[in-house]
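I opened a fresh page for this chain and jotted down what I looked up, in the order I went. Have the model beside you while you read.

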Amino acid sequence: MKDKLTDASEITVGSPSRARTIAGFLDQNPQPFELFSERGFLTITGRYSGTPVSIVSIGMGNPNMDFFVREARECLKGDMVVIRLGSCGALIDVPVGTVVAPNASVSVTRNVDFNFLRPEESTGDSAYRINTLQKGKPSDWPPPVLSGVVNASADSFYSSQGRQTSFPDHNSDLIEQLQASTADLATLEMETFHLYHLASCWGTHPSAHREDAPPLTTTAVEPVMIGPGSVIQHSQVNPSVSRTSTIRAAAVHMVFASRLSQDFITPEQVDQLENWTGKARKIPPTSFLNWALRDI
């Protein structure tokens with residue numbers, strides 16, 4: 001995997017099925033190969049119009065995003081471009097199937113110090129914390145997607161997204177709090193803030209990159225790999241990270257549900273939308289994939 005020692009372009013998705021859909025648009029020569037890790041991640045690496053690219057299915061949530069960004073960064077010497085392509089709920093009046101490219105994100109986290117059983121004892125404390133903006137997408141992100149808006153990333157699927165369960169979550173007005181505290185808020189999901197945060201931290205403190213850092217693991221792993229054996233010679237690779245390398249991050253959200261109208265996307269619409277967002281080479285050059293890869 002010598003390409004992975006220099007620059008890398010990566011699309012991260014939640015589900016393996018979405019990864020395979022997007023991988024269907026990779027060049028067939030050389031043949032893409034697959035790696036399924038003990039982490040549960042599916043990686044499909046190939047070329048898109050001649051440019052090396054990896055599509056990585058990581059599941060849901062900030063912890064998996066943290067695994068992905070940090071471990072992929074340790075495999076590279078050069079620059080890293082990451083696009084998060086995932087589903088979201090809409091907090092504005094747009095139809096399901098809308099594609100959104102947020103230029104910033106806020107974090108919504110459950111306050112574990114709040115007394116959820118006796119909220120009256122948590123005087124002056126909020127059950128949820130809404131953190132400051134993290135900017136990711138550059139201002140020249142092109143149409144045809146909805147842009148210039150803000151995303152909210154929650155630390156859970158239920159309580160921190162205002163969904164009601166049998167637990168005493170005290171979140172009945174959380175969506176209203178979000179909308180009141182954050183201008184231009186449009187989408188709600190679970191991963192974008194942490195991606196933007198890590199990219200921002202990397203760019204802010206280049207002197208903190210350790211070129212002599214120990215490996216993340218000292219024991220062998222046995223991933224499952226499918227594809228040409230000539231590109232799987234990676235066990236002896238020990239790249240050091242360049243102090244001048246960058247991480248460029250962006251997110252593309254597909255609206256699967258409207259939190260206002262309670263409309264939900266149909267399976268047929270999901271197939272159509274995933275094919276449209278993945279089929280960048282068959283739509284105008286202003287597509288998100290062509291934009292993200294243009295300088296690599």
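I took helices (H or I, at least four residues) and strands (E, at least two) as DSSP runs, numbered from the N terminus. By that count I noted six helices and 14 strands in the chain.

A word on ground rules: this is a predicted model, where local features need pLDDT of at least 70 and side-chain atom pairs count only at pLDDT 80 or more, while totals for chains, interfaces and linings use all residues. Residues are numbered from 1 along each chain as its sequence is written, and side-chain values use heavy atoms, with hydrogens and water left out.

Next I checked burial (buried is under 20% relative accessible area, exposed over 50%, partly exposed in between; 1.4 Å probe, protein chains only). Of the 296 residues in the chain, 47% are buried.

Which residues have the most contacts inside the largest nonpolar core? A nonpolar core here is a set of buried Ala, Val, Leu, Ile, Met, Phe, Trp, Tyr and Cys residues joined through side-chain atoms within 4.5 Å. I found Leu-26, Ile-55, Leu-85 and Val-255 in that role, in a core of 28 residues. Elements that each supply at least two residues of this core include β1 (8–13), α1 (16–23), β5 (80–90), β14 (247–258) and α5 (267–278). Apart from this core I noted another, of 19 residues, with Leu-76, Tyr-196, Ala-199 and Ala-249 among them.

Last, I looked for disulfides (pairs of cysteine sulfur atoms within 2.5 Å) and found zero. Cys-88 is buried at 6% relative accessible area, whereas Cys-201 is partly exposed at 34%.
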